[in-house]
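Me: I've got a structure here and would like a close look at a single part of it. Keep it relaxed, but walk me through the details.

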Amino acid sequence: MVTVKKHKLTEITVVGEDDTGLIANVTSLLFERGINIEDLDQAVREGVFRMTMHVDTSEMVCTEEKLREDADELGEELGVDIQVRFPAERETQTMAVLVTKESHCLEAIFESWANGDLGADVSVVIGNHPDLRPLAEKYDVPFHDIGDEKGNPDEDHLLDLLQEYEVDLVVLARYMRILSPDVVFRYENRIINVHPSLLPAFPGASAYMQAIEEGVRIAGVTAHYVTTDLDQGPIITQRAFNVPDDASEEDLQRIGQPLEAEALIEAIKLHLNDAVSVHRGRTTLRDDLDTDDVQLGSPEVLDDANPDRPIDGLGEIVANQGGEESEADD
């Protein structure tokens with residue numbers, strides 16, 4: 001199990017309709033209570049404003065409960081939702097797993113959880129179809145179907161469930177719907193998805209079929225953080241495999257699905273242990289992390305199989321060495 005020192009910053013997220021004065025009002029609230037802003041990031045997508053701050057509340061002049069009350073009152077006044085997440089006091093974090101019909105990733109998550117290897121509790125499974133309810137019931141985990149007859153999800157219901165179960169991490173275990181900015185902005189860098197391609201190649205639907213149609217020799221899978229740009233979020237882990245001649249989509253699914261589960265589990269563990277951070281759209285591992293048991297990409301044995309020469313400049317070095325030897329012989 002990867003273990004590193006946890007950061008002790010409080011996360012504050014503001015989501016709502018874009019309007020002037022939002023940032024000033026929120027930052028003033030924090031300043032007046034002796035709270036120092038360590039990091040601030042904002043974005044607007046499809047008319048939805050999002051601001052995420054990481055703040056130091058160790059010397060604030062009010063209680064945690066009072067800060068939440070004041071934030072709620074300011075949110076109502078401004079017409080936005082303000083969420084305050086203090087550093088986790090419980091040892092085990094909680095996960096919500098979103099699913100559609102494919103079971104392999106959910107099954108892998110449950111197995112890792114049952115073996116005590118996951119580092120979090122699976123508190124709820126949420127689907128846009130009811131197909132995987134029996135699997136959730138097997139592990140005695142609540143299942144909620146938020147989809148209509150066509151599988152269109154009720155995202156208001158989704159947000160209510162995520163808040164009800166006090167979710168620390170949202171995992172998309174082959175959840176075949178695009179999350180709106182209203183959801184993504186509230187859980188920025190806390191939603192992990194697995195996609196059946198080596199992103200950024202072949203985003204969107206039917207990635208394995210895209211690989212076949214493009215004739216690639218190497219395909220793969222990617223676990224990444226979810227952003228408002230489809231399949232373009234920061235990459236955490238990847239796995240690769242060879243594409244057999246005349247392979248069908250079903251062939252690639254059979255090869256890729258175990259790797260999807262493996263890459264997703266690895267990414268979940270890295271996130272839960274605060275081992276990975278995001279900066280300017282790229283993930284990095286913590287400096288104090290023991291990486292012996294971490295596999296971000298292909299196995300190291302593949303590095304040994306790759307040739308190490310020729311490289312630029314090597315031929316010139318060899319030629320110069322040959323010339324010096326010839327002159328010495330003369």
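Which domains does the domain assignment of the protein give? After that, please zoom in on helix α5 and on the aromatic pairs.

Reply: Sure. Bear in mind that this is a predicted model. The domain assignment splits the protein into domain 1 (10-89), domain 2 (92-187) and domain 3 (191-311). The C-alpha centres of domain 1 and domain 3 sit 34 Å apart.

Now to α5, which covers residues 155-164. Its buried residues are Glu-155, Leu-158, Leu-159, Leu-161 and Leu-162. Look down the helix axis and these buried residues fall within an arc of 160°, so they line one face of α5. Turn to the other side of α5 and you find Asp-156, Asp-160, Gln-163 and Glu-164, which are exposed.

What covers that buried face? Several elements contribute, including the strands β5 (93-99), β6 (120-127), β7 (143-145) and β8 (169-172), along with helix α6 (181-184).

The two ends of α5 deserve a look as well. At the start, Asp-154 has a side-chain oxygen that comes to within 3.2 Å of the backbone nitrogen of Asp-156. Just after the helix, Glu-166 adopts a positive phi of about 50°.

On to the rings. The structure has 3 aromatic pairs. In one of them, Phe-110 and Trp-113 have ring centres 6.2 Å apart and planes at 35°; a pair counts as stacked with planes under 30 degrees apart and as edge-to-face over 60, so this one is tilted. Both residues belong to helix α3 (residues 104-114), where they are 3 residues apart, about one turn of the helix. Their surroundings are worth checking too: Phe-110 is buried, at 0% relative accessible area, whereas Trp-113 is partly exposed, at 23%.

Phe-110 also pairs with Tyr-139, and here the rings are stacked, with 4.4 Å from centre to centre and 15° between the planes. Phe-110 is in α3 while Tyr-139 is in the loop between α4 (133-138) and β7, so this pair ties together parts that are 29 residues apart in sequence. Tyr-139 itself is partly exposed, with a relative accessible area of 21%. Put the ring pairs together and Phe-110, Trp-113 and Tyr-139 are linked into a cluster.

If you want a link between the two spots, try β7: this strand is among the elements covering the buried residues of α5, and the loop that holds Tyr-139 runs between α4 and β7.

Notes
Residues numbered from 1 in each chain as written. Predicted model: local features only at pLDDT ≥ 70, side-chain atom pairs only at ≥ 80, totals over all residues. Heavy atoms only, no water. Buried < 20%, exposed > 50% of the residue type's maximum accessible area, 1.4 Å probe, protein only. Helix = DSSP H or I, 4+ residues; strand = E, 2+ residues; numbered from the N terminus. Arc of directions from axis to C-beta. Contact = heavy atoms within 4.5 Å. Polar contact = N/O pair within 3.5 Å; in protein donor to acceptor, adjacent residues only side chain to side chain. Domains from an automatic or database assignment. Phe/Tyr/Trp six-rings, centres within 6.5 Å; stacked < 30°, edge-to-face > 60°.
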